[in-house]
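Here is a short briefing on one protein chain. Keep the sequence and the 3D view open as you read.

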Amino acid sequence: MQSAWTSRLGWIAAGLVLSLLGAWLIAQRGLEAQRAAFETDARIVHRLLSQQVVQHDAVLSTLALLEPERSEALPRLSAIHPRLLSVLARAPGGAWADAALSRAEAASRASGASGRAAMAEGDLASGRYTLVLGAGDGAYALVIALDGLVPEADWPMDRASSPVRVALQWNGQSLPLQAGRPLDRGWRFDFDKVVAAESQPFHVVATRWVGWGELPWLGMATWVLAVLAGLALLAHALRLREARQRAEALLRLGQLGRLNAMGEFAAGLAHELTQPLTAVLASTQAAQRLLADEPPALDTAREAMGRASAQARRAAEVLARLRRGLEPPAGAAASQALDLGACVREALHLLQPEIDRRGVAVRWLSSDPVVVRADPVAIDQIVHNLIANALQAMDRQANGPRELRLSVRREGERAVLDVADTGPGLPPEVLPRLFEPFFSTREGGLGLGLTLSESLAQAQGGRLGAGAAPGGGALFSLNLPRDSDT
């Protein structure tokens, strides 16, 4: 029972680990895909804004070069660039009405590069700014609207529904170009890059929030279902293989048990028939002597008795040959070093379905590492018979606990295996006949299992005993010589 629970917990843990790991990897790939899409859109926005603001420098440079009348320049420029709200000019020797324009012109002239404009101080949140260029004795300024900086048709995202927030930042001020969808929790991606115009050092700042609902739940759920299905198929295949191996092992043990039972049966039959046949032989010989003293037809009677005597001898020889043929040849059993506890655990593994079906709890009282030298097939048969008998005995116990108690221990140079059950136990009058051939306390039993087990134990230099278990039930003890090399 404990091993079955351990196996189930192992499968559950494996499924949980694989499911979580795969789901995490799928989620990471989904997040990376969304990050890549966000960065692509942010770079497109940065490139478009850079292309637009660079044109402002070109417009100012053209104005400074051509020096057109202000009244003529604005209509023409507005037709080409609708975002240009007004064109301002300072004539040579004149002054700006706004001190901020004067400071911007001074910054333009002090920039160290000819023809570089400077931005006038202002309120970026208002959606406009002023760009000033000092040229010669005069200067020009453009008032630019930021809202129409990039045409709507060129904008890479849907401003109304996109979760990406885009803003222009400069000098501690910020102008949102796209509202986005901020979240309190989730994953956040950031993008910050200055536009490619030194005269207008705007920071293009983009932010993307990814919520839990945007994770690839379908792919994650598909992975979890695939893992569960794969593990279920694997577990089913392993259970089938284990059941097949258990059935094959039980079949081999059953075949060996039946062969050995047949041997015990034939040996018992030969033993039972040898005595009657010997008596027949003695009787016919006595009759032969008596008939030898009678008158006529004595020769015929003597001949008949002789034939009976010959047939009786022949029958005895046939039975003797049968018994010799069923006995294993000396030295045929290959003895080897065996871990007695491992043999018991193997038998429990083979009988696990029966243990589970009967609801029997297996309890190890002790499990010392004990090595014996014996025939592995014989030990497997003995242990299998003892455990199977214990399970069948507990079937006859209607109420009470069902517990199989096992103990493997050392006693000097001997190894002892105790198999105890919580069944009805063994009545005192049954103990003397327990190992007799054809004697069974179970209805329908053949009565050869314990006889066979005792014979196999004796063939290994051991012995098999039975008695009452502490607390009720039966106790069978297998005593075997330990391996001298351990």
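The points below go from the whole chain to its sheets, one strand residue and a pair of helices.

This is a predicted model. The protein chain has nine helices and 15 strands. Of its 486 residues, 38% count as buried.

**Whole chain**

- Take the contacts in the protein chain with a separation of 6 or more: residues 24 or more positions apart account for 67% of them.
- Strands of a sheet pair through backbone hydrogen bonds, and the pairing is either parallel or antiparallel.

**The four-strand sheet**

- Four strands line up as β6-β5-β8-β7 in an open sheet. Their pairing is antiparallel.
- The edge strands are β6 (173-178) and β7 (187-194). Each has a single partner strand, so one side of each is left without a neighbour in the sheet.
- Neighbouring strands of this sheet are turned by 20° against each other on average, direction ignored.
- Look at β7 and strand β8, residues 203-210. They pair in the antiparallel sense, over eight bridges.
- Asp190 has Thr207 in β8 as its bridge partner.

**The five-strand sheet**

- What is the strand order in the open sheet of five strands? It runs β10-β12-β13-β15-β14, and the pairing is mixed.
- At the edges stand β10 and β14 (463-468). Each of these two has a single partner strand, so one of its sides is left without a neighbour in the sheet.
- The twist from one strand to the next averages 15°.
- The parallel sense appears between strand β10 (residues 361-367) and strand β12 (residues 403-411), over six bridges. Ala361 has Glu403 in β12 as its bridge partner.
- The antiparallel sense appears between β12 and strand β13 (residues 414-420), over seven bridges.
- Leu406 has Val419 in β13 as its bridge partner. Arg409 stands opposite Val416, also in β13.
- β12 and β13 form a hairpin, with two residues between them. Gly412 sits in the turn and has a positive phi of about 65°.

**One strand residue: Thr130**

- Find Thr130 in strand β3, residues 128-135.
- Is Thr130 buried or exposed? The cut-off for buried is under 20% relative accessible area. Thr130 has 17%, so Thr130 is buried.
- Which residues does Thr130 touch, not counting those up to four places away in sequence? They are Leu101, Ala118, Met119, Ala120, Ala141, Leu142 and Val143.

**Two helices that cross**

- Helix α6 covers residues 340-350, and helix α8 covers residues 376-395. Their axes come within 9 Å and cross at roughly 55°.
- That angle makes α6 oblique to α8. The crossing is right-handed.
- On the α6 side, the contact involves Leu340, Cys343, Val344, Ala347 and Leu348. They meet Ile379, Asp380, Val383 and Ile387 in α8.
- How do the residues of this contact of α6 with α8 divide? Eight are nonpolar, none is polar and one is charged.
- Asp counts as charged, so the charged residue in this contact is Asp380 of α8.

Note on methods. Residues are numbered from 1 along each chain as its sequence is written. This is a predicted model: local features need pLDDT of at least 70, side-chain atom pairs count only at pLDDT 80 or more; totals for chains, interfaces and linings use all residues. Side-chain values use heavy atoms; hydrogens and water are left out. Axes are lines fitted to C-alpha atoms, for helices over the stretch in contact, and angles run from 0 to 180 degrees between N-to-C directions. Angles under 35 degrees count as roughly parallel, over 145 as roughly antiparallel, 65 to 115 as roughly perpendicular and the rest as oblique. A crossing is left-handed if the near helix is turned anticlockwise from the far one by less than a right angle, and right-handed if clockwise. Contact means heavy atoms within 4.5 Å. Two strands pair if DSSP finds at least two bridges between them. Buried means under 20% relative accessible area, exposed over 50%, partly exposed in between (1.4 Å probe, protein chains only).
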